Amino acid sequence: MSQDNEQDYIQKLETSIPGFDFLSEGGLPKGRATLIAGTAGSSKTVFACQFLVEGIKKGENGVFVTFEEPPKALRKNMRGFGWNIGEWEEERKWAFVDASPQPGEQPMVTGEYDLGALIARIEFAIRKYKAKRVSLDSLGAIFSHLTDSAQIRSDLFRLASALRELEVTSIMTAERTAEYGEISRYGVEEFVADNVVILRNVLSDEKRRRTIEILKYRGTNHQKGEYPFTIIPNRGVVILPLSAIELEQKSSNIRITSGSEELDRMCGGGFFRDSIILVSGATGTGKTLMVTEFMAGGVMNGERCLIFAFEESREQLFRNATGWGVDFEKMEREGKLKVVCRYPETTGLEHHLIMMKEIIEEFKPNRVAVDSLSALERVSALKGFREFIIGLTSFIKQQEIGGLFTSTTPTLLGGSSITEAHISTITDSIILLRYVEMYGEMRRGITVLKMRGSMHDKDIREFSIDNKGMHIGKPFRNVTGILAGTPMYTAQSEVDRLSTMFEE
């Protein structure tokens, strides 16, 4: 039997939760129960509600069975995502089955707890509202009074079977006590459900990182491993599936100006239109100036330009640009430039990435600059930062936009940063800016370290900055060790002697 025919047995229901249908390769298995397990605060209830919300948008009614929060609290909590549950209830699209504990009610501890009455209520609501989707939140609350795991297992099995017979696609949430360890609190929930999805909210380096993993998907394919996600107001859960990124973007031979004629010559005629350029240097070497010139060069050619600034405020950027003879305000008035300033600490990297993608899609720029990536390093663990870099660069390349990123080196005289280690392989060009100490004076040097698909100048050239911007001069001929951060002056006679050694 071919693999294609095997796939036909399990139909999938598109959840329409952003990113989830890619991870699950089509959605949740139709007519089956899926367990969503996670610790406190891992967004289980949001996921369960969003599953019903997306169904309602497609004309599929839903039933929400709540064992913990009363419906009144859920209606209030979900308004922040723009979901008006009360309105849908009036339209008979959403129904609550309220099994939450009532105030003053004593928990049942004697005799056998019977799920029959609850199952009957759920069946009635599904038939009455012709529901296609059901969410149960959370299983732990039903079984908190049961001590016998065999009883829990048989009750769960009964619940799952009843839902399957009604041919509804359902989500059951369950609590976990640790991010990595037992799948669920009672250790039996995962064996009853056909599919298990784990939500995590891991604390790493004092920073929280949300991930989702499909652990078990009986009889069907899915993407393996953990994927980052975030919670966004008015949208809910948004998953960022990095494996969806494909190396299929087109490549252009068209050159664009860097904003500096001399730098264009060093790069063999300018940057390629859809290339990613990394400008690396210590603080004060002229990285923001290069961003300013890159933007000014684009606007002069009638291109739309976008800056994401994570270190300087809008007023600072505009003042600096004016100091170099560039009028950002005029460019903005003409609709050619957009400047977005945010402190990295305002939100997580996943949220920043989604926000940046939305702005790029809305503004449709020809050039994008990010100043600086090193500022974003502060707010994320290493893995999250790498995922952000890959997500952003691949998106910019797919849109065929030129991108210029800046990165700050950890020491004044150079050295590589964590940012460079993660981004250098996925950039098309790398430009290094360095301080060179000579005879008690600080000078600046620039070199094009890498330029994919093009010849480029190999010299390390001296440059100066004045009120008209950057001026690139002659190469440093008598200095060695600039890139290593240990510049040493060599006498001219020694330079002549070394050069003759390589002449025939």
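Is Ser-16 buried, partly exposed or exposed? Let's find out by selecting Ser-16 as the first stop of the tour. Keep in mind throughout that the model you have open is predicted.

**Stop 1: Ser-16 and Glu-25**

Select Ser-16 and look at the loop between β1 (12-13) and α2 (20-23), where this residue lies. Ser-16 has a relative accessible area of 25%. Because buried means under 20% and exposed means over 50%, Ser-16 is partly exposed. Now check its backbone: phi of Ser-16 is near 65°, a positive value in a residue other than glycine.

Next, select Glu-25. You will find Glu-25 in the loop between α2 and β2 (28-29). Glu-25 also has a positive phi without being glycine, with a value near 55°. Its relative accessible area is 38%, so Glu-25 counts as partly exposed.

**Stop 2: the whole chain**

Zoom out and colour the protein chain by secondary structure. There are 18 helices and 24 strands to find. The chain has 504 residues, and 54% of them are buried. What about the outside? The protein chain exposes about 23,700 Å², and 50% of that area is supplied by carbon and sulfur atoms.

Here is something to think about while you rotate the view. Take the contacts between residues at least 6 apart in sequence: 68% of them join residues at least 24 apart.

**Stop 3: Ile-36 in strand β3**

Select residues 33-38 to show strand β3, then pick out Ile-36 within it. With a relative accessibility of 0%, Ile-36 counts as buried.

Which residues are in contact with Ile-36, leaving aside its neighbours within four places in sequence? Select Lys-44, Phe-47, Ile-171, Met-172, Thr-173, Ala-174, Val-197 and Leu-199 to see them. If you draw a distance line from Ile-36 to Phe-47, C-alpha to C-alpha, it should read 8.5 Å; the two residues are 11 apart along the chain.

**Stop 4: helices α6 and α8**

Now select residues 116-129 for helix α6 and residues 149-165 for helix α8. The axes of these helices are 11 Å apart, and the helices pack at an angle of about 20°. An angle under 35 degrees counts as roughly parallel, so α6 is roughly parallel to α8. The crossing of α6 and α8 is right-handed.

To see where the helices meet, show the side chains in the contact. On α6, select Gly-116, Ile-119, Ile-122, Glu-123 and Ile-126. On α8, select Arg-158, Leu-159, Ala-162 and Leu-163. Colour the contact of α6 with α8 by class and you get six nonpolar residues, one polar and two charged.

**Stop 5: two cis peptide bonds**

Go to Asp-137 and Ser-138, which are joined by a cis peptide bond with omega of about -5°. Ser-138 sits in the loop between β6 (133-137) and α7 (139-143).

Then go to Asp-371 and Ser-372. A cis peptide bond joins this pair too, with omega of about 5°. Ser-372 is in the loop between β17 (367-371) and α15.

**Stop 6: Leu-373 and Ile-389**

Select Leu-373, found in helix α15 (residues 373-377). Leu-373 counts as buried, since its relative accessibility is 0%. Add Leu-278 to your selection: the C-alpha atoms of Leu-373 and Leu-278 are 9.7 Å apart in space, although the two residues are 95 apart in sequence.

Add Ile-389 as well, which belongs to helix α16. Ile-389 has 1% relative accessibility and counts as buried. From Ile-389 to Leu-373 the C-alpha separation is 8.6 Å, with their positions 16 residues apart along the chain.

**Stop 7: helices α14 and α16**

For the last stop, show helix α14 (residues 349-363) next to helix α16 (residues 382-398). Their axes come within 10 Å and cross at roughly 10°. These two helices are therefore roughly parallel to each other.

Which residues of α14 and α16 meet? From α14, select Leu-349, His-352, Leu-353, Met-356, Lys-357, Ile-360 and Glu-361. From α16, select Gly-384, Phe-385, Phe-388, Gly-391, Leu-392, Phe-395 and Ile-396. The contact of α14 with α16 contains nine nonpolar, three polar and two charged residues.

Technical notes. Residues are numbered from 1 along each chain as its sequence is written. This is a predicted model: local features need pLDDT of at least 70, side-chain atom pairs count only at pLDDT 80 or more; totals for chains, interfaces and linings use all residues. Side-chain values use heavy atoms; hydrogens and water are left out. Helices (H or I, at least four residues) and strands (E, at least two) are DSSP runs, numbered from the N terminus. Buried means under 20% relative accessible area, exposed over 50%, partly exposed in between (1.4 Å probe, protein chains only). Contact means heavy atoms within 4.5 Å. Accessible areas come from the Shrake-Rupley method with a 1.4 Å probe; for residues, only the protein chains shown count as cover. Axes are lines fitted to C-alpha atoms, for helices over the stretch in contact, and angles run from 0 to 180 degrees between N-to-C directions. Angles under 35 degrees count as roughly parallel, over 145 as roughly antiparallel, 65 to 115 as roughly perpendicular and the rest as oblique. A crossing is left-handed if the near helix is turned anticlockwise from the far one by less than a right angle, and right-handed if clockwise. Ala, Val, Leu, Ile, Met, Phe, Trp, Tyr, Cys and Pro count as nonpolar, Asp, Glu, Lys and Arg as charged, and the others, Gly among them, as polar.
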